[in-house]
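Here are my notes, written as numbered points to go through with the structure open. Have a look at it first, then read on.

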Amino acid sequence: MRKLYVFDTTLRDGEQSLGITLNVKEKLEIGRQLVKLGVDIIEAGFPASSPGDMESVQTIAKELKGVIICGLTRAVAPDIDLCAQALRKAEYPRIHTGIGVSPVHMEKKLKLNPDQVVEQAVAAVRYAKKYVSDVEFYAEDAFRSDPIFLARVIENVITAGATVVNIPDTVGYANPWEYGELIASVLKNVKNIDKAIVSVHCHNDLGMATANSLAGIKAGASQVEGTINGIGERAGNTSLEEVIMSIYTRRDGYGVKSNINTREISATSRLVSRITGVTVPDHKAIVGANAFNHASGIHQDGVLKDRETYEIIQPETIGVPQNLISLTARSGRHALKHCLEELGYKVEGDQLDDVYQRFLQLADLKKEVFDQDLYVLMGDSGSIANSIVLESMSIATNGVEMATATVTLEIEGTMMTDAACGNGPVNALFNTIDRITGNNATLEDYTLKSVTRSSEALGEATVKLRYEDGRLVVGKGFSTDIIEASAKAYINALDKKDLRTSQAKVV
């Protein structure tokens with residue numbers, strides 16, 4: 001069986017599409033989880049797009065080991081110079097450069113003729129090769145290109161030193177059988193294709209990104225590119241978890257194997273959703289909340305008799321445990337540690353003491369603490385920054401519309417209290433926080449949902465703040481009190497207000 005290399009672009013193609021700001025700490029947290037998942041390549045960002053992305057790629061390249069760290073560039077020398085600088089401390093650096101190859105891209109966007117495109121592609125690969133031995137070339141909009149011209153471009157860039165050639169369906173236009181035929185054509189008609197790895201990179205505009213990627217792998221591609229939860233441009237990218245579990249479940253049909261630790265899939269999906277603020281739909285394949293639920297009486301009867309009647313994947317395979325321990329306010333550290341380890345969290349010493357104290361506070365509010373509560377508990381500790389702390393708040397309402405909020409915040413050690421009115425308690429709360437902090441961003445979105453079971457369920461609030469320079473920042477907060485959850489989410493977003501974001505828009 002040939003090796004399938006898994007290329008994760010959540011931090012580049014996924015993050016750039018969100019319009020939000022992920023700070024270096026958040027990107028590094030996702031990167032570390034991707035290493036635990038077992039991906040082979042992490043595309044950390046587009047260094048030339050912004051100083052923030054440059055810093056993120058530099059940090060990830062320095063901190064993450066045992067994985068290829070990749071940076072994206074256009075086929076121009078300044079981009080490649082910055083990318084090489086960002087990757088300087090990477091254990092295994094890769095520069096990912098490329099250019100559009102379809103008629104519409106060459107004529108309308110690049111204003112270049114085919115010969116000029118080939119020349120620029122070759123020059124970019126040769127230039128990147130001066131910095132690193134591992135160079136990937138992307139033929140943007142490859143599916144809508146002329147196959148003969150595509151073969152010419154690929155042959156030339158491999159001769160110039162490309163070690164990986166990426167054949168993207170950039171606009172999600174392909175059908176699976178057509179995309180499979182394109183990959184087969186590349187493997188057949190490019191004379192020196194044996195000197196490079198063929199990679200598939202599909203978008204989901206027609207809902208076929210996973211199917212197209214699998215068709216490309218079946219046809220002979222040895223690298224698949226995608227994102228966790230399928231986030232990405234427009235309708236998104238290939239969902240890596242779907243490709244991974246399709247191959248795992250139907251492994252005899254593809255002839256490939258990967259280094260992925262499937263038991264980290266659920267944890268990775270939750271982390272990416274929490275940090276990016278992009279909610280996973282309940283019906284989402286593999287990682288959705290309903291992926292392993294059986295509502296029909298006929299289905300329930302069958303599963304109780306034999307799980308294989310209606311379950312082709314066992315929840316434990318992707319890291320969704322069947323926890324039999326009931327956690328309450330009377331549970332000790334050992335029970336909490338055991339349950340956290342079942343969920344994939346390793347906590348020791350002072351960290352365990354800190355988590356246990358917060359667990360007891362939560363348990364005092366709930367009769368029983370469930371797995372989803374623990375996920376939120378661990379996510380809450382990792383995502384809420386400390387420069388602004390909610391000390392106290394009170395809400396007074398007068399009828400169904402008017403409300404007054406009084407809030408005390410600790411900002412970098414200084415206590416500040418103020419009050420403001422609003423159209424309802426949440427609006428009054430946000431207005432008060434704005435007065436204290438001097439915030440002038442626009443609230444673009446606010447959502448609230450229950451994330452755990454029982455009548456004392458935890459509420460998850462998500463806010464998105466838009467700043468005058470176009471930055472969109474996501475904040476999350478959790479509490480059994482929905483007003484408190486809203487305040488925490490708003491404060492979490494404000495803690496990120498000085499962060500920089502990438503504006504990359506390619507491939």
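How far is the sulfur of cysteine 202 from the closest cysteine sulfur, and in which residue is that sulfur? Keep in mind while you look that this is a predicted model.

1. The cysteines. For cysteine 202, the closest cysteine sulfur sits in cysteine 70, 17 Å away, and that is too far for a bond. Cysteine 83 also has cysteine 70 as its closest partner, with 6.8 Å between the sulfurs, again too far for a bond. The cut-off used here is 2.5 Å between the two sulfur atoms, and by that rule the count is zero disulfides. Neither of these side chains is out in the open: cysteine 83 is buried at 0% relative accessibility, and cysteine 202 is buried at 1%.

2. The barrel. Eight strands make a closed barrel in the order β2-β3-β4-β5-β6-β7-β8-β9, with parallel pairing. From one strand to the next the twist averages 25 degrees. If you want a spot to zoom in on, try β6 and β7, which run parallel and are joined by three bridges. There you'll find tyrosine 138 opposite asparagine 166 of β7. As a reminder, strands of a sheet pair through backbone hydrogen bonds, either parallel or antiparallel.

3. Helices on the sheet. α6 packs on the sheet and touches β5 and β6, and its direction makes about 170 degrees with that of β5. α8 lies across β7 and β8 (197–202), running at about 160 degrees to β8.

4. Helix α7. What span should the 14 residues of α7 (residues 147–160) have, and how far apart are its end C-alpha atoms? At 1.5 Å a residue the expected span is 20 Å, and the end C-alpha atoms are 20 Å apart, so the two agree. The buried residues of this helix are Phe149, Leu150, Ala151, Val153, Ile154, Val157, Ile158 and Ala160. To read that list, recall that an α-helix has 3.6 residues a turn, so residues three or four places apart point the same way. The buried residues of α7 pack against α5 (103–110), α6, β6, β7 (164–169) and α8 (176–189). Just after the helix comes glycine 161, with a positive phi of about 125 degrees.

5. A buried salt bridge. The structure holds 24 salt bridges. One of them brings the side chains of aspartate 134 and arginine 94 together, at 2.9 Å from N to O. Aspartate 134 is in the loop between α6 (114–129) and β6 (135–140), while arginine 94 is in strand β5 (residues 92–100), so the pair ties together parts 40 residues apart in sequence. Both aspartate 134 and arginine 94 are buried.

6. Salt bridges further along the chain. Arginine 435 pairs with aspartate 418, their closest N and O atoms being 3.4 Å apart. That links helix α16 (residues 425–437), home of arginine 435, to strand β13 (residues 414–423), home of aspartate 418, across 17 residues. Arginine 435 is exposed at 53% relative accessible area, whereas aspartate 418 is partly exposed at 25%. Next, arginine 466 meets glutamate 444 in a salt bridge of 3.0 Å, N to O. Here the link is between two strands, with arginine 466 in β15 (residues 459–466) and glutamate 444 in β14 (residues 442–450), 22 residues apart. Both ends are partly exposed: arginine 466 at 26%, glutamate 444 at 44%. There is also a network of salt bridges linking Arg12, Asp13 and Glu43.

7. Positive phi values to check. Most residues other than glycine have a negative phi. Asparagine 229 has a positive phi near 65 degrees, and glutamate 412 has one near 50 degrees. Are these two buried or exposed? Asparagine 229, in the loop between β9 (223–226) and α10 (240–249), is buried, with a relative accessible area of 13%. Glutamate 412, in the loop between β12 (402–411) and β13, is exposed, with a relative accessible area of 69%.

How values were computed:
Residues are numbered from 1 along each chain as its sequence is written. This is a predicted model: local features need pLDDT of at least 70, side-chain atom pairs count only at pLDDT 80 or more; totals for chains, interfaces and linings use all residues. Side-chain values use heavy atoms; hydrogens and water are left out. Buried means under 20% relative accessible area, exposed over 50%, partly exposed in between (1.4 Å probe, protein chains only). A salt bridge is a side-chain nitrogen of Lys or Arg within 4 Å of a carboxyl oxygen of Asp or Glu. Helices (H or I, at least four residues) and strands (E, at least two) are DSSP runs, numbered from the N terminus. The expected span of a helix is 1.5 Å times one less than its number of residues. Contact means heavy atoms within 4.5 Å. Two strands pair if DSSP finds at least two bridges between them. Axes are lines fitted to C-alpha atoms, for helices over the stretch in contact, and angles run from 0 to 180 degrees between N-to-C directions.
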